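Here is a friendly walk through one protein model, best read with the structure open beside the text. Shall we begin with the strands and work outwards from there?

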Amino acid sequence: MTNTELICILEKRFKENMNRHIDVKWDSILERLNEDILLSLKYMEQTGGEPDVIMYDEESDHYIYCDCSKESPIDRRNLCYDNEALDKRKTNKPVSSAVFEAEKHHIELLTEKEYIYLQTLDDFDLKSSSWLLTENETRLLGGAIFGDKRYNRTFIYHNRAESYYSNRGFRGVLKI
C-alpha cells in the first residue's frame, strides 16, 4: 500500500464517520501526516485496525487516531500483554506481546479512560476483547487489564498478563 492509497483510505473513513470527530477538519489532519506517522497508520490499517480520528486534545494540541474496527484487530490477536509475561510462558508461547508490538510500530495501547471514551462513539469489541495499558501497580502483581462491551455496557476486566486468547488483541492509539 502506498502512502497515497493510505491517505485516500483515511480520508474516506474520516468523512464517513464524522460523528467520531465533530468540528475536526480533514485539512488539519492532512498537514500533520508525515512519513513516520504514515508508517504507524499503515501498520494499524494493514493489521485490521481501521484507524480513524476520535478526538482533538486541545491541551496537548494532538489529534488522536485510534483503531476503530468493530472487533479487536484480527492480525493483533493471540498476544500476551508484555514481554515480561511472554518470557514467563514456558509452553505454548504466543509469537509476541501487545506492548512490544505497539512500541515496535510507534503506537500505544489505549488507556482505560480512552477505551471507555471510544465505546461512547460506537459499539466495539462485542465478540472480542482488547488489552489495555495497565498501571504498574497491577502489572507488578502479575496482572493486566482488558476491555470489551457486552449487554450494552463497557467492561474492564483483569487477567494474568501471560494469558492470550484468539479473540483478544489490542487497539492502538496514535497522537499526531
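Which residue stands opposite S130 in β5? It is G147. Please keep in mind that this is a predicted model, with every value below computed from it.

## The sheet around S130

The pair S130 and G147 belongs to a wider pairing: strand β4 (residues 129–132) and strand β5 (residues 143–150) run antiparallel and are joined by 3 bridges. Both strands sit in an open sheet of 4 strands, ordered β6-β5-β4-β7, whose pairing is mixed. At its edges stand β6 (153–160) and β7 (168–170); each has a single partner strand, so one side of each is left without a neighbour in the sheet. From one strand to the next, the twist averages 35°.

## The antiparallel sheet

A second open sheet of 4 strands follows the order β1-β2-β8-β3, and here the pairing is antiparallel. The edge positions go to β1 and β3 (108–109), which have a single partner strand each, so one side of each is left without a neighbour in the sheet. Helix α1 (residues 3–16) packs on this sheet, where it touches β1 and β2, and its direction makes about 65° with that of β1. Helix α3 (residues 35–46) lies across β1, β2 and β8, and runs at about 160° to β8.

Now look at β2. Its antiparallel pairing with β1 is made by 6 bridges, while β2 (residues 62–67) and β8 (residues 172–175) pair, also in the antiparallel sense, over 3 bridges. C66 is a handy residue to click on: D52 stands opposite C66, and in β8 the bridge partner of C66 is V173. A little earlier in the chain, I64 stands opposite K175 in β8. Is β2 mostly covered or mostly open? Mostly covered, with 5 of its 6 residues buried.

## Residues with a positive phi

Most residues other than glycine have a negative phi. With that in mind, here are some residues worth checking in your viewer. The hairpin of β1 and β2 has 4 residues between the strands, and in this hairpin D61 takes a positive phi near 55°.

E50 is a residue other than glycine with a positive phi, near 50°. Its place is in the loop between α3 and β1, where E50 counts as partly exposed at 36% relative accessibility. N92, also not a glycine, has a positive phi near 50°. You will find N92 in the loop between α4 and α5 (98–104). Is N92 buried or exposed? N92 counts as exposed, because its relative accessibility is 56% and the cut-off for exposed is over 50%.

## The largest pocket

How much volume does the largest pocket have? About 150 Å³. The residues that line the largest pocket are I54, M55, D57, I64, T111, K113, E114, Y117 and K175. Two elements give two or more residues to this lining: β1 (51–57) and α6 (112–121).

By type, the lining residues of the largest pocket divide into 4 nonpolar, 1 polar and 4 charged. Two names here are familiar from the antiparallel sheet: I64 and K175 are among the lining residues, and I64 stands opposite K175.

## A161 and its surroundings

A161 is found in the loop between β6 and β7. Is A161 buried or exposed? A161 is buried, with a relative accessible area of 0%. Which residues is A161 in contact with, leaving aside its neighbours within four places in sequence? They are C80, Y81, A85, W131, R139, G142, G143 and A144.

Two C-alpha separations help to place A161. Between A161 and K88, 73 residues apart along the chain, the C-alpha atoms are separated by 9.5 Å. Between A161 and Y117, 44 residues apart along the chain, the C-alpha separation is 24 Å. K88 lies in helix α4 (residues 83–88) and is partly exposed, with a relative accessible area of 44%. Y117, for its part, is one of the residues lining the largest pocket.

Note on methods
Residues numbered from 1 in each chain as written. Predicted model: local features only at pLDDT ≥ 70, side-chain atom pairs only at ≥ 80, totals over all residues. Heavy atoms only, no water. 1 Å grid on protein atoms, 1.4 Å probe; cavity = no way out; pocket = protein on both sides within 12 Å on 5 of 7 lines; lining within 4 Å. Points joined across faces, edges and corners; volume = space filled by probe spheres on them. Nonpolar A, V, L, I, M, F, W, Y, C, P; charged D, E, K, R; others polar. Pairing = 2+ DSSP bridges. Contact = heavy atoms within 4.5 Å. Axes fitted to C-alpha atoms, helices over the stretch in contact; angles between N-to-C directions. Buried < 20%, exposed > 50% of the residue type's maximum accessible area, 1.4 Å probe, protein only.
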